[in-house]
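Student: I have not met this structure before, and I would like to work through it step by step. Could you show it to me and then take my questions one at a time?

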Amino acid sequence: MTAENRTPGHPRRGGSQGKVPAIPDCPCVECGIPMRLVAADAWLVCATTWCAAAGMTIPLWQHPQAAGAPAGWPRPQMDGLPVPWITLVIAGQVWWGHLHGERRRLCQQDWLCQVCGLLLPDSAAVFVADGRIVSDTAVHRRCAALALTVCPVLSRPQRPMALATAESDDLLADGVPYRRGGHLGYAARWSLRPRDRDRR
């Protein structure tokens, strides 16, 4: 699973039983027949062979009932865990480890925290693993502490995470200087400027 559609969060999907959550039907815009869920990759695909859109996919976060937990602090809980603002929720079911793509874009555009959805201060924090910013979004220090406490993804020994302090001027978005309020229309790949990579 790539950084584009995963987020720090509990790795289970579907609560304590580890089952994929049931979701309402999502009809294909061309043929009207419900699209098939490819759960492993969180995509919806039209499997109707005669449809003009057969084989075409959309990310699960574009499901008509895709939403998320409301912004704010403290975080609401589902499955006994706090739900990050950026995590995908469909019809009341949390898709742990999957991002809501539009919320990810808004986190970048408006300098919002991926965990609580609220505005970040000038100096925030980013999770870094293997030299890359996880989820390409920033967090409050308090939200980072919460995530580090409850999220097994962030504490996996095979992929150690670091927490780096970052201001907007420290960041690159798709290789160019990040600018708050930039309306790209899509989520960019974030990285730290070279001079900041070793700063903690």
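Tutor: Let us begin with one pair of side chains in this predicted model: those of arginine 104 and aspartate 136 meet in a salt bridge, with 2.6 Å from N to O. Arginine 104 belongs to helix α1 (residues 101-110), while aspartate 136 sits in the loop between β10 (132-133) and α2 (141-150), so the pair ties together parts that are 32 residues apart in sequence.

Student: Are arginine 104 and aspartate 136 buried or exposed?

Tutor: A residue counts as buried when its relative accessible area is under 20%. Aspartate 136 has a relative accessibility of 0%, and therefore falls in that class. Taking the two partners of the salt bridge together, both arginine 104 and aspartate 136 are buried.

Student: With which arginine of the loop between β13 and β14 is aspartate 136 paired?

Tutor: Aspartate 136 lies in the loop between β10 and α2, and its partner lies in the loop between β13 and β14, so this pair ties together parts that are 53 residues apart in sequence. The partner is partly exposed, with a relative accessible area of 28%. Arg104, Asp136 and this residue are linked in a network of salt bridges. The side chain that meets aspartate 136 here, at 3.6 Å from N to O, is that of arginine 189.

Student: How many residues apart in sequence are the parts tied together by arginine 180 and aspartate 122?

Tutor: The side chains of arginine 180 and aspartate 122 meet in a salt bridge, at 3.0 Å from N to O. Arginine 180 is in the loop between β13 (176-177) and β14 (190-192), and aspartate 122 is in the loop between α1 and β9 (123-129), so the parts they tie together are apart in sequence by 58 residues.

Student: Why does serine 168 count as buried?

Tutor: Serine 168 is found in the loop between β11 (162-167) and β12 (171-173). Leaving aside its neighbours within four places in sequence, serine 168 is in contact with Trp111, Asp122, Tyr178 and Arg180. Buried means under 20% relative accessible area, and serine 168 counts as buried because its relative accessibility is 12%.

Student: Which are the edge strands of the open sheet that has the order β13-β12-β14?

Tutor: This open sheet consists of three strands with antiparallel pairing. Within the sheet, β12 and β14 pair over three bridges, and leucine 172 has serine 191 in β14 as its bridge partner. An edge strand here pairs on one side only, and the strands that do so are β13 and β14.

Student: Which residue in β3 stands opposite valine 45?

Tutor: Another open sheet is formed by three strands in the order β1-β2-β3, with antiparallel pairing, and its twist averages 30° from one strand to the next. Strand β2 (residues 43-45) is joined to β3 by three bridges. The residue of β3 that stands opposite valine 45 is threonine 57.

Student: Against which strands do the buried residues of α2 pack?

Tutor: The buried residues of α2 are Cys143, Ala144 and Ala147. Seen down the axis of α2, these residues fall within an arc of 100°, so they line one face of the helix. The strands against which the buried residues of α2 pack are β9 and β11.

Key: Residues are numbered from 1 along each chain as its sequence is written. This is a predicted model: local features need pLDDT of at least 70, side-chain atom pairs count only at pLDDT 80 or more; totals for chains, interfaces and linings use all residues. Side-chain values use heavy atoms; hydrogens and water are left out. Helices (H or I, at least four residues) and strands (E, at least two) are DSSP runs, numbered from the N terminus. Buried means under 20% relative accessible area, exposed over 50%, partly exposed in between (1.4 Å probe, protein chains only). Contact means heavy atoms within 4.5 Å. A salt bridge is a side-chain nitrogen of Lys or Arg within 4 Å of a carboxyl oxygen of Asp or Glu. Two strands pair if DSSP finds at least two bridges between them. The arc is that of the directions from the helix axis to the C-beta atoms. Axes are lines fitted to C-alpha atoms, for helices over the stretch in contact, and angles run from 0 to 180 degrees between N-to-C directions.
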